[in-house]
Amino acid sequence: MKILVINGPNLNLLGLREPEIYGKEDYASLCAYIEAHCAERGVEVSIFQSNHEGAIVDAIQGAYGVYDGIVLNPAAYTHTSVAILDALKAVNLPAAEVHLTDVNSREDFRKISYARLACGATFSGYGFKGYNMAVDWLLNQVISINE
Ligand code: DQA
């Protein structure tokens, strides 16, 4: 099983960025954390980060026929991007939405998620662990699709 993890804008600045909200661990630690979990589960993973909406759309489109599922933290684009939603709908791969923070308990504008409309599950507010929860959810999805 092959999974693509996509991280949106400013997640590359983890550790530096509002550490009281997003924690002190940096982006490289997040990637290592996800990779370790995927290795344990026997899942092949690629991790992509971009600050650009179009690059994220391109990554989702490029996943078609290559990956079995997508784990996506669209970051600020969660709350604005119909283009990312449409790309997810277009490729129709199993997808899980992740947020480090609990977006529902923050500002009102963070309660809106376009991407969620094309995601089978959301893991919000679990920090790094949310990515592993999303990987496990995808694993179960893909196993049940192939049964
Ligand atoms: C985020 C939450 C978003 O509202 C915010 O814009 C981010 C990160 C999270 O992981 O908690 O950049 O997606």
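Hi everyone, I'll talk about the sheet first and then the ligand site.

A word on the basis: this is a predicted model, where local features need pLDDT of at least 70, side-chain atom pairs count only at pLDDT 80 or more, and totals for chains, interfaces and linings use all residues. Residues are numbered from 1 along each chain as its sequence is written, and side-chain values use heavy atoms, with hydrogens and water left out.

So, the sheet. Five strands (DSSP runs of E, at least two residues, numbered from the N terminus) make an open sheet, ordered β2-β1-β3-β4-β5, with parallel pairing. Pairing here needs at least two DSSP bridges between two strands. Because β2 (44-49) and β5 (121-124) each have a single partner strand, they stand at the edges, with one side lacking a neighbour in the sheet. As an example of pairing, β1 (residues 2-7) is joined to β2 by 6 bridges, and I3 has V45 as its bridge partner in β2.

Now, what surrounds the ligand? The residues are R17, Y22, N73, A75, A76, H79, H99, L100, T101, V103 and R110, each having a heavy atom within 4 Å of the ligand. Three of these residues also appear in polar contacts, meaning pairs of N or O atoms within 3.5 Å. Polar side-chain atoms do the work for R17, at 2.7 Å from a ligand oxygen atom, and for H99, at 2.8 Å from a ligand oxygen atom. For A76, a polar backbone atom is 3.2 Å from an oxygen atom of the ligand. On its own the ligand has 320 Å² of accessible area, and the protein covers 98% of that, by the Shrake-Rupley method with a 1.4 Å probe.

Thanks, everyone!

Definitions and conventions. Helix = DSSP H or I, 4+ residues; strand = E, 2+ residues; numbered from the N terminus. Polar contact = N/O pair within 3.5 Å; in protein donor to acceptor, adjacent residues only side chain to side chain.
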